[in-house]
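Here's a quick tour of a protein model, written for someone who'd rather be at the bench. Have the viewer open as you read.

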Amino acid sequence: MEQQKHHSYATGITKMVMGWNWRKALKNRKTVLVFMVLIMMTAFFAGRHVYYRHQAEKKLDEFIAAYPFPKGKVTIDKLYQPMKEAHAYVKEVHINRKPDNYYVFSYSRDDRKVDLSGVLDHGEWFGMDDALYQKLDYQPSQEFIKKYKHQ
């Protein structure tokens, strides 16, 4: 009687991968070139994303710190990038006792400026120049307005 060897699924995959001639494939200059280009493109785009994100977070934190929010009465959300606006980064500042009213600080990567909007009762966003902005609890100081206008 002959004994049959039992091969598991993992053993079959290992043999398939190990059986592929890696040295021969890497000797092929086209394969090496394609791998190098893919690695360089991935590194470039990942590095660019990290740089823009860091730049946006630094600028937004600077403007949020300059706005006259009382300490302990607001909650600052994490930085995020809206799906509809791939070139912008946003941070929201929520008032603790009125979570439906909040401030939206957004940084545009194209013009490198911070924009400030307000939201009442989870409605539409409106700018600082809008009359609805006056209904928000905390209004900007003169120093903040000066910094905001001269960016």
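What follows goes from the overall fold to one pocket and then to a handful of residues.

**The overall picture**

First, a caveat: this is a predicted model. The protein chain has four helices and five strands. Reading from the N terminus, you get the order α-α-α-β-β-β-β-β-α.

How much of the chain is buried? Of its 151 residues, 26% count as buried. The accessible surface adds up to about 11700 Å², and carbon and sulfur atoms own 58% of that. As for contacts with a separation of 6 or more, 38% of them come from residues 24 or more positions apart.

**Helix 3**

Helix 3 covers residues 29-66, so at 1.5 Å a residue its 38 residues should span 56 Å. The C-alpha atoms at its ends are indeed 56 Å apart, which agrees.

Which residues of helix 3 are buried? They are Q55, A56, L60, F63 and I64. What do these buried residues pack against? Their partners are strand 1 (74-76), strand 2, strand 3, strand 4 and helix 4 (142-149).

Q55 deserves a closer look. This residue of helix 3 counts as buried because its relative accessibility is 18%, and the cut-off for buried is under 20%. Setting aside neighbours within four places in sequence, Q55 is in contact with Y107 and R112.

**The largest pocket**

Now for the empty space. Rolling a probe the size of a water molecule over the atoms shows where empty space is left. The largest pocket has a volume of about 160 Å³. Its lining is made up of P82, E85, H87, A88, V90, S106, Y107, S108, K113, D115, S117 and W125. Sorted by class, that lining has five nonpolar, four polar and three charged residues.

Which strands supply at least two residues each to the lining? Strand 2 (88-95), strand 3 (98-108) and strand 4 (113-119) do.

**Three lining residues up close**

Y107, S117 and H87 are all on the list of lining residues.

Y107 sits in strand 3. Is Y107 buried or exposed? With a relative accessibility of 3%, it counts as buried. Beyond neighbours within four places in sequence, Y107 is in contact with Q55, A56, K59, L60, H87, A88, Y89, R112, K113 and V114. So that you can place two of these: Q55 belongs to helix 3, and H87 is in the loop between strand 1 and strand 2.

S117 is part of strand 4, and at 9% relative accessibility S117 counts as buried. Its contacts, again leaving out neighbours within four places in sequence, are Y102, Y103, V104, W125, F126 and Y133. W125 from that set also helps line the largest pocket.

H87 is in the loop between strand 1 and strand 2. Its relative accessibility is 29%, so H87 counts as partly exposed. Apart from neighbours within four places in sequence, H87 is in contact with Q81, Y107, S108, R109 and D110.

**Far in sequence, together in space**

Here are some pairs to click on.| Pair | Separation along the chain | C-alpha to C-alpha distance |
|---|---|---|
| Q55 and Y107 | 52 residues | 9.3 Å |
| Y107 and A88 | 19 residues | 5.5 Å |
| H87 and R109 | 22 residues | 5.4 Å |

Each of these pairs also turns up in the contacts: Y107 touches both Q55 and A88, while H87 touches R109.

**Two loop residues with positive phi**

R112 isn't a glycine, yet its phi is positive, at about 55°. Where is R112? Look in the loop between strand 3 and strand 4. R112 is also among the contacts of Q55 and of Y107.

D121 is another non-glycine residue with a positive phi, near 50°. You'll find D121 in the loop between strand 4 and strand 5 (125-127). D121 is exposed, since its relative accessible area is 59% and the cut-off for exposed is over 50%.

How values were computed:
Residues are numbered from 1 along each chain as its sequence is written. This is a predicted model: local features need pLDDT of at least 70, side-chain atom pairs count only at pLDDT 80 or more; totals for chains, interfaces and linings use all residues. Side-chain values use heavy atoms; hydrogens and water are left out. Buried means under 20% relative accessible area, exposed over 50%, partly exposed in between (1.4 Å probe, protein chains only). Contact means heavy atoms within 4.5 Å. Accessible areas come from the Shrake-Rupley method with a 1.4 Å probe; for residues, only the protein chains shown count as cover. On a 1 Å grid over the protein atoms alone, a cavity is a set of points where a 1.4 Å probe fits but cannot get out, and a pocket is an open set with protein on both sides within 12 Å along at least five of seven lines; lining residues have an atom within 4 Å of a point. Grid points are joined across faces, edges and corners, and a volume is the space filled by probe spheres set on the points. Ala, Val, Leu, Ile, Met, Phe, Trp, Tyr, Cys and Pro count as nonpolar, Asp, Glu, Lys and Arg as charged, and the others, Gly among them, as polar. The expected span of a helix is 1.5 Å times one less than its number of residues.
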